[in-house]
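Grab your viewer and work through a few exercises on this protein. Try each task yourself before you read the solution.

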Amino acid sequence: MAELHKETLKKVLGELPFTAELYWLLRQRNKPLQTQYTLHDLPAIIPDFCVQAKACREKAPAGKTVFLFGSTHYWIEYSAVLALGLYAKGHNVTFGYIAKSDYRTPINRFDLRRQSIYTGNALKPAQSLINPVMLSGNNPNANLPDAVIEGIKKVTTFDVQYISQVEDVDVESPLYKLRWEANMDAARGLFGLLQKNKPDVAVVPNGSILETGVVNVITHYLKIQTVTYEFGEQQERIWMANNDEVMLQDTNALWQAKQKDTLTKAQWDKVKELYAARMQGVKWENFSRMWQGVPTIGSKEVKTQLGLDDRPIVLLATNVIGDSLTLGRNLFSHTMTEFVLRTVQYFAGRPDVQFVIRIHPGETYLKGVSLAETIRQDMPKLPDNILIVGAKEKVNTYDLITLADLGIVFTTTVGLEMALAGVPVIVGGKTHYRNRGFTHDPDSWVNYFKLLGKLLHDPKENRLTKNQVDDAWHYAYSYFFEFPRPFPWHLMHMGRDFREHSITYVCSPEGEKKYGDTFRYLTGDPIDWEKI
């Protein structure tokens with residue numbers, strides 16, 4: 001009850017002018033906030049980083065006008081240092097932010113204003129360098145163009161899918177309404193700022209979901225060049241996309257430039273070592289995660305373990321529902337779940353084939369409904385020829401690949417890895433390795449089911465050719481080692497990276513040689529894949 005009264009009081013105070021500011025002056029100044037919203041490393045490092053940035057700036061050529069954006073405390077902390085790095089490189093920077101700690105739950109305006117004051121105070125040493133602007137609550141009566149509103153609807157749908165790990169979205173749900181209000185609030189503040197002061201380029205993390213997606217919608221409408229960026233599993237590497245959503249992982253230009261090349265022995269060795277590490281479930285070089293919870297035990301052993309016989313084996317490797325690499329990737333299915341369920345129904349009528357569904361191990365951390373549960377709800381009694389291997393089961397996916405006569409995927413990278421093993425793969429969604437010459441890529445339900453029938457007529461005859469397998473390995477090298485570019489600071493390791501890679505180092509001849517091109521790409525220069 002006391003907590004309820006406290007929240008009611010905050011709601012009232014939040015609507016009164018200067019209450020949060022007075023609270024800060026009287027009670028909070030120079031003290032950390034007692035909330036999840038904490039800028040861990042920024043207050044300690046920003047004064048010294050500002051000194052370094054100013055010194056580097058004196059030697060830097062004139063750059064561009066750049067708008068950076070960050071929302072939630074960890075992106076704000078990261079983006080503030082990135083803004084200083086761009087300032088040090090000679091760019092004129094404006095850093096827009098929204099001081100929230102959580103995109104899943106509502107925040108009263110009193111706490112939002114307190115967090116904004118706290119953030120502004122932390123950024124004060126950099127105020128004259130990166131022009132910090134708090135965007136929430138700005139321009140609340142702004143009228144937005146219809147095209148922008150339609151774009152925000154799409155982003156909000158993605159938000160609910162991403163947060164709840166669902167695919168069917170109820171626009172009347174509390175979560176949808178929460179995200180709609182948050183996205184519209186951000187849009188009103190952003191639209192006026194960017195319309196009035198159009199930068200040469202906007203630099204936005206992710207750019208597909210949450211407020212970052214809203215920025216991308218608005219910059220696209222205003223015809224502002226936009227670079228979106230994200231981080232994968234490799235340390236000191238960054239993904240980037242110019243006037244596109246980085247999570248779409250568009251590798252068309254990369255593959256066009258690299259396809260004609262021949263891998264050197266060192267490159268072959270490198271990509272094969274990575275594949276071996278992924279298969280055995282061990283960390284490798286700068287990759288910060290393991291891909292399997294258990295090592296391989298061999299195809300014969302896993303075949304016995306799962307009770308499989310000598311009929312052809314089809315392996316469907318699923319994605320995690322709501323993963324940002326599946327959002328908006330539908331081609332001929334309404335959702336990934338529909339793609340899976342209709343495929344299960346097809347194989348229920350094919351007792352001559354064993355159909356193994358490998359649920360993504362990432363579902364171990366799932367908050368929503370497992371795809372395995374959805375399959376069983378749709379078909380409570382599965383035929384004997386259909387086997388579900390759950391997310392937590394101690395089965396190595398690569399052992400299943402060695403058994404498979406045919407692979408089916410939506411967008412998961414397992415499809416690429418099946419091709420590396422010579423397994424023919426049908427791709428049902430928009431993924432970066434689709435239409436590269438080593439997968440089967442139907443564009444309709446009719447073509448999909450025809451293709452299934454054709455490939456299952458004689459599975460052994462449809463194994464990939466040596467040239468196709470070589471192309472798959474070549475593409476895998478380009479995707480894992482050339483698509484992500486060198487960069488000094490990774491979001492997941494930013495505290496360590498900020499300590500190990502100072503702005504002075506980044507601007508030094510050694511840092512420029514290592515990271516200079518990436519900074520130029522990040523601020524809008526086209527990536528020269530021929531040069532890489």
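Below are five exercises, each with a worked solution.

A note before you start: this is a predicted model, where local features need pLDDT of at least 70, side-chain atom pairs count only at pLDDT 80 or more, and totals for chains, interfaces and linings use all residues. Residues are numbered from 1 along each chain as its sequence is written, and side-chain values use heavy atoms, with hydrogens and water left out.

**Exercise 1. Find out which element has the lowest mean pLDDT and which the highest.**

Solution. Start with the score itself: pLDDT is the predictor's confidence in each residue, from 0 to 100. The protein averages 89, and 90% of its residues reach 70 or more. Next, go through the elements; helices (H or I, at least four residues) and strands (E, at least two) are DSSP runs, numbered from the N terminus. Helix H1 (residues 2-14) comes out lowest with a mean of 48, while E11 is highest with 98. Then check the weak stretches. Residues 12-18 stay under 50, and the model gives them twelve contacts (heavy atoms within 4.5 Å) beyond four places in sequence. Residues 284-291 also stay under 50, with 29 contacts beyond four places in sequence. Where pLDDT is low, the predicted coordinates should not be read in detail.

**Exercise 2. Work out the strand order of the five-stranded open sheet, and which strands stand at its edges.**

Solution. Use the pairing rule: two strands pair if DSSP finds at least two bridges between them. That gives the order E9-E8-E7-E10-E11, with parallel pairing. Strand E9 (386-389) and strand E11 (425-427) each have a single partner strand, so one side of each has no neighbour in the sheet. On average, neighbouring strands here are turned by 20° against each other, direction ignored. For a close-up, take strand E8 (residues 354-358), which pairs with E9 in the parallel sense over four bridges. Here valine 356 is opposite leucine 387 in E9. Finally, add helix H17 (residues 445-457), which packs on the sheet and touches strand E7 (313-317), strand E10 (406-409) and E11. Its direction makes about 160° with that of E10; axes are lines fitted to C-alpha atoms, for helices over the stretch in contact, and angles run from 0 to 180 degrees between N-to-C directions.

**Exercise 3. Do the job again for the open sheet of seven strands: what is the order, and which helices pack on it?**

Solution. The order reads E3-E2-E1-E4-E5-E6-E12, and the pairing is mixed. At the edges you'll find strand E3 (132-134) and strand E12 (485-486), each paired on one side only. Moving inward, strand E1 (residues 65-71) runs parallel to E4, joined by three bridges, with phenylalanine 67 opposite alanine 202 in E4. Now for the helices: H4 touches E1, E2, E4 and E5, and its direction makes about 165° with that of E1. Helix H8 (residues 174-196) touches E1, E2 and E3, at about 170° to E1. Last, look at strand E4 (residues 201-205) and E5, which run parallel with five bridges; valine 204 is opposite threonine 228 in E5. Five of the six residues of strand E5 (residues 225-230) are buried (under 20% relative accessible area; exposed is over 50%, partly exposed in between; 1.4 Å probe, protein chains only), so E5 is largely enclosed by the rest of the structure.

**Exercise 4. Classify the ring pair of tyrosine 448 and phenylalanine 449, then that of tryptophan 489 and phenylalanine 498.**

Solution. Rings of Phe, Tyr and Trp (its six-membered ring) pair if their centres lie within 6.5 Å; planes under 30 degrees apart count as stacked, over 60 as edge-to-face and the rest as tilted. The total is 39 aromatic pairs. Tyrosine 448 and phenylalanine 449 sit 5.1 Å centre to centre with 50° between the planes: tilted. Tyrosine 448 is buried at 0%, whereas phenylalanine 449 is partly exposed at 22%. For tryptophan 489 and phenylalanine 498, the centres are 6.1 Å apart and the planes at 75°, so this pair is edge-to-face. Both of these residues are buried.

**Exercise 5. Where is histidine 91 found, and is it buried or exposed?**

Solution. Histidine 91 is in the loop between helix H4 (73-88) and strand E2 (92-98). Its relative accessible area is 10%, so histidine 91 is buried. Beyond four places in sequence, its contacts include Arg57, Lys64 and Thr523.
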